Amino acid sequence: MVFIIICLILIILALGTLIFFLIRRNNYYKLALGNMAGFVIMQRMFELMASAIPASKKIEELNNIILEVFNSKSSTISIFDGMEYHIKATNVEEVFRESIKNLAEEQNFKANAQKNISKYLVSAGGRLLGYKSAVERSIRSAMFSPIYYNGMYLGFWLLEDNAENAYDSISKEELAKLKDHIGVFIENVLSQESIEGAYNTDKQTGFYNNLYLYSNVRQRTTTESNSVLTLMQLANLGEINTTYGREVGNRLLERAANLIKDIFSNEHIFIRYSGSKFCIVSLGMGAESLHSTVERFISNVKMEEEIARGEKVSLNINVVMHNIQQQSNIDRELAKMSNYLDGMTDTNTIKII
């Protein structure tokens, strides 16, 4: 009997030693996996930084890399411009993005954002985390990391998952390195974005120019099965410049551009096609669905008046709309539309061709 008890004790001790060894080995592999994930992200991040793709796509691509490497349910990069936050990349559903983008202002994370310290929140016992939208999305693990560059706060990066302890494998050391490198990446990309904006933007209207149209928009139309091009001409702008002076014409042109921004939503792409022509590119839409919006624009722009030489001066607008397909040659289609506009005799009219 004593022999059996001794054997059982030895077996229990052996099992305990084995379990202890397996736990230590498992923790080692989890830590190694986390360190390797951080290394892979940093390597691919700097390859991405040196790539020739537009700055606006680089942050999105970094977010995709993070999702892939960490196998996370969601990842969000929200940038602070000094006044407000802007989500630059996320795979969170649209309905929850407004609450996510300002997460650094919540009590759970505010001190961490100010002190540049990451925060790991984990629920237990099947409970959910309590910050905005976490309950609706069944979030049980969240890793919040402020993004800084040279002591300047740029925003934050947020990892979320439905599983408990989802980010246990990420060591503090590796997370600190990763967030520092993300800060360098974000600063670099934001600088590139500023340069691209100056290079691709018409200074008078804030619209994109033809360089952006043919280098970026053309590529984007190939990702949609159908889109619509809307080409507008300020038909009497030249006459106004000649008769009343360029200052009067410029003020009316700028008012027309501002009306386009107000009446059309941000999902449209606005182009200064030429001195007196604006182009609106609407991805995944049709001309018929936009017709009433264009009519509203024409009606409103006619009410924008300047008084010059005792007379009321306003713009006349001609509009041509054209549906295009994925395989359409946008250069050729716009050239046809421009020629059609130049030949129009009626004013303040819309033609779908």
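The largest pocket of this predicted model has a lining of 46 residues, and those that lie nearest its centre are Ser56, Glu60, Tyr208, Tyr212 and Arg220. The space inside the largest pocket comes to about 1,800 Å³.

Which elements give two or more residues to this lining? They are helix 2 (55–70), strand 2 (85–90), helix 3 (97–101), helix 5 (172–200), helix 6 (210–221) and strand 7. Among these, helix 2 gives the most, with eight residues. The table shows how the residues of the lining divide by kind.

| Kind of residue in the lining of the largest pocket | Number |
|---|---|
| Nonpolar | 16 residues |
| Polar | 17 residues |
| Charged | 13 residues |

Strand 7, which we have just met in the pocket lining, also belongs to an open sheet of five strands. Following the sheet across, the order is 7-8-6-11-12, and the pairing is mixed. Strand 7 (269–274) and strand 12 (349–352) each have a single partner strand and stand at the edges, so one side of each is left without a neighbour in the sheet. On average, neighbouring strands here are turned by 20° against each other, direction ignored.

Let's look inside the sheet. Strand 6 (residues 226–234) and strand 8 (residues 277–283) run antiparallel and are joined by seven bridges. For example, Gln233 has Lys277 in strand 8 as its bridge partner. Packed on the sheet you will find helix 10 (residues 330–342), which touches strand 6, strand 7, strand 8, strand 11 (317–325) and strand 12. The direction of helix 10 makes about 35° with that of strand 6.

Terms used: Residues are numbered from 1 along each chain as its sequence is written. This is a predicted model: local features need pLDDT of at least 70, side-chain atom pairs count only at pLDDT 80 or more; totals for chains, interfaces and linings use all residues. Side-chain values use heavy atoms; hydrogens and water are left out. Two strands pair if DSSP finds at least two bridges between them. Helices (H or I, at least four residues) and strands (E, at least two) are DSSP runs, numbered from the N terminus. Axes are lines fitted to C-alpha atoms, for helices over the stretch in contact, and angles run from 0 to 180 degrees between N-to-C directions. Contact means heavy atoms within 4.5 Å. On a 1 Å grid over the protein atoms alone, a cavity is a set of points where a 1.4 Å probe fits but cannot get out, and a pocket is an open set with protein on both sides within 12 Å along at least five of seven lines; lining residues have an atom within 4 Å of a point. Grid points are joined across faces, edges and corners, and a volume is the space filled by probe spheres set on the points. Ala, Val, Leu, Ile, Met, Phe, Trp, Tyr, Cys and Pro count as nonpolar, Asp, Glu, Lys and Arg as charged, and the others, Gly among them, as polar.
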